[in-house]
Amino acid sequence: MYSRAYKTIVSAPPLLWVALFLLLPYALMFAHSLWAVQDGALVHHWNLANYKKLLTNPLYAEVLFRTMRIAVSVMLCSLLLGYPLAYYLSFHSGPRKELLYQLVIVPLWVSYLVRGYAWKTILGSEGVLNGFLQYAHITQAPVSFLLYSPFAVVLMLTHIYTPFVFLPIYASLEHIPRPLVEASQDLGASPASTFLRVILPLSMPGLLAGATFAFVLSLGDFLAPLLVGGSSGTMIANIVQTLFGATYDWPLGAAISVCILLITLSLLFITERLEKRWSFK
Amino acid sequence: MSSAAISQPVLVDADAPLLEVRSVAKRFGARDVLKNISLNIASGEFLTLLGESGSGKTTLLRLIAGFEPPTAGEIWMSGERLDTLPPYKRRVNTVFQNYALFPHLNVRENVAYGLRVQGSPKKEIAGRVHDALKMVKMVEFAGARPSRLSGGQQQRVALARALVNRPQLLLLDEPLSALDANLRKQMQSELKALQREIGITFLFVTHDQEEAMALSDRIALLKDGALEQVAPAREIYAHPATAYTAQFIGQTNLLRGEIRRGIATCGALRWPLEEADGAVRFSLRPETIRLSPEGKRQTYEVKFRATVRQQIYGGASELLEVDCGAGQLLRVRLPACGPLTGEHDFVFSIADAIRVAD
């Protein structure tokens with residue numbers, strides 16, 4: 001058994017870290033959301049006006065709903081891309097498995113910003129895609145809906161977060177004992193039926209983890225809307241950023257952040273319960 | 001005869017084998033795992049594929065189940081070609097080595113799986129699942145998840161899950177190897193009783209020769225991907241065709257010697273044998289050698305004098321190692337005989353020295 005002193009020494013640094021860099025900032029953020037700004041200066045005057053503003057001004061609700069719509073779209077798109085990819089790699093890629101796995105992982109090494117600018121180059125009116133469309137005489141003039149739209153944001157975020165969705169799904173598929181698949185076929189289930197009755201349920205924890213990644217990361221993203229979103233693709237994090245960086249309304253920005261945090265936490269709570277329900281060890 | 005044939009929807013010749021393995025070979029890369037295997041299994045038979053690990057016995061089972069395609073040859077079942085069908089279209093079910101129960105389904109759902117995917121009516125499923133669980137004495141565990149069950153219980157569920165589909169042929173891949181010795185013995189007798197009761201053909205894979213002898217109607221012994229001998233358990237023990245078979249199934253003394261002018265000579269042992277001259281090998285089971293009664297020797301017997309080197313007490317019987325001179329050691333199994341030392345006369349019948357191929 002370890003001595004008390006040893007336990008204290010070992011557990012102190014992480015606890016201190018969590019307290020200093022997580023709990024304290026959250027407490028500060030929560031406190032800010034209950035303060036106010038007067039004549040451009042922060043005053044420690046406790047009130048709920050910031051939350052009232054969020055509820056009464058339709059702009060905030062609209063942007064929040066758009067943000068959630070985008071996050072859900074990104075989640076669905078990256079699941080639709082990531083799951084089949086993970087399934088193929090895990091079950092049917094044979095000796096090319098390692099290589100393909102690396103190919104999926106490689107984009108993670110490339111800077112987020114570089115990938116963002118790449119999409120700008122592809123989607124812009126002078127961009128690669130429009131150039132091709134006009135060259136092929138599919139369109140006569142540059143198509144403008146490609147860039148600076150929620151579509152562009154979903155596209156870019158899907159590209160960035162698909163590997164994050166792929167990884168947990170791939171891990172859970174790799175953990176399915178192959179005799180279970182054989183047993184299912186042995187009992188008369190076709191490959192499609194085997195997938196629905198055995199593989200999909202057993203990969204549910206990975207699928208839930210991947211979906212949560214994509215949704216939560218998209219929900220808080222502000223770079224993609226900044227780079228390719230335009231005004232119609234503005235997301236809630238952009239508003240927070242503006243409130244903190246440009247208009248210096250920290251209390252309102254903090255109130256929005258608290259709301260996002262609550263949404264995220266309740267979502268994590270739900271998925272954790274679901275993951276427990278779908279794990280069978 | 002004719003009326004019986006008319007009432008049967010499937011017209012199968014009663015003597016025709018249920019399963020025919022015709023010149024099947026399997027190659028993985030550069031390795032020949034199975035070489036030209038031909039084997040018939042009769043309906044209702046309990047046949048065991050016996051062999052060391054790497055002998056190809058599990059591969060043969062997987063070819064029949066459909067998890068691997070054969071490299072050459074054909075497999076037929078009740079007049080229908082089997083090896084071209086995917087596994088889910090074969091009327092064959094498997095009990096897997098580590099049971100392969102679905103962890104996300106409870107015992108009842110596991111057993112119902114095969115009937116469900118084939119779209120049997122709900123009412124029928126419930127009845128048949130209940131009967132299958134009753135047959136393996138697992139009714140009270142119907143609602144439990146497999147992870148809550150012991151190895152023996154999982155084994156029973158796996159058996160019920162396969163049998164509930166009423167397969168023509170049940171494949172069992174070392175199903176008892178994960179169980180401890182006592183449970184194993186118990187499951188062996190249950191399995192044998194079950195097979196007699198339901199009359200389904202069993203193809204059983206094991207590396208344990210005792211288990212093979214205890215269970216099987218016939219044993220097919222595999223060595224390096226080829227069939228060494230296929231025979232009923234008693235026959236394969238009493239008349240092994242090769243030195244490998246004699247050694248692998250039970251204990252034996254392998255004697256190397258020669259025949260010259262009607263006399264077989266193996267070291268210190270000599271007996272008359274009217275066969276062509278040449279080098280020979282014999283298998284002489286330890287229990288066929290007895291202590292010689294004073295003075296007497298029948299003409300069909302071989303008598304020799306040997307020194308007891310070692311004696312291992314085994315309860316009902318004792319195993320001796322005796323030296324017949326010049327370092328030629330023989331193993332002798334005697335009924336409990338008390339401590340023996342020094343020189344003694346031993347005897348065996350000439351007919352018990354079985355000539356075996358190399």
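**A hairpin-rich sheet and a chain contact in the predicted model**

B:Gly314 stands opposite B:Ser317, a residue of strand S17 of chain B, and this pair offers a convenient point of entry into the sheet described below. The structure is a predicted model, and the strands and helices named here are to be read with that in mind.

The two strands that meet in this region are S16(B) and S17(B), the latter covering residues 317–323, and they run antiparallel and are joined by 7 bridges. Between them lies a hairpin connection of 2 residues, in which B:Gly315 takes a positive phi near 75°. From S17(B) the pairing continues to S18(B), again in the antiparallel sense and again through 7 bridges; within this pairing, B:Glu318 has B:Leu334 of S18(B) as its bridge partner. S17(B) and S18(B) likewise form a hairpin, with 5 residues between the strands, and B:Gly325 in the turn has a positive phi of about 105°.

S16(B), which spans residues 301–314, also pairs with strand S19(B), residues 343–349, and here too the sense is antiparallel, with 7 bridges. In this pairing B:Val302 is found opposite B:Phe348 of S19(B). Taken together, these pairings belong to an open sheet of 5 strands in chain B, whose order is S15-S19-S16-S17-S18 and whose pairing is antiparallel. The edges of the sheet are formed by S15(B), residues 290–291, and S18(B), residues 329–335, each of which pairs on one side only. As a general point, the side chains of a regular strand alternate between the two faces of the sheet.

On the scale of the whole chain, the domain assignment divides chain B into domain 1, residues 2–242, and domain 2, residues 251–355. The C-alpha centres of these two domains of chain B are 40 Å apart.

Chain B also touches chain A, in a contact to which chain B gives 19 residues and chain A gives 18 residues. On the side of chain B, the elements that supply two or more residues are strand S6(B), residues 92–95, and helix H3(B), residues 107–117. The largest share of this side comes from H3(B), which contributes 3 residues. By residue class, the side of chain B that touches chain A consists of 10 nonpolar, 8 polar and 1 charged residues.

Key:
Residues numbered from 1 in each chain as written. Chains lettered and ligands numbered in written order. Predicted model: local features only at pLDDT ≥ 70, side-chain atom pairs only at ≥ 80, totals over all residues. Contact = placed C-beta atoms within 7 Å. Helix = DSSP H or I, 4+ residues; strand = E, 2+ residues; numbered from the N terminus. Nonpolar A, V, L, I, M, F, W, Y, C, P; charged D, E, K, R; others polar. Pairing = 2+ DSSP bridges. Domains from an automatic or database assignment.
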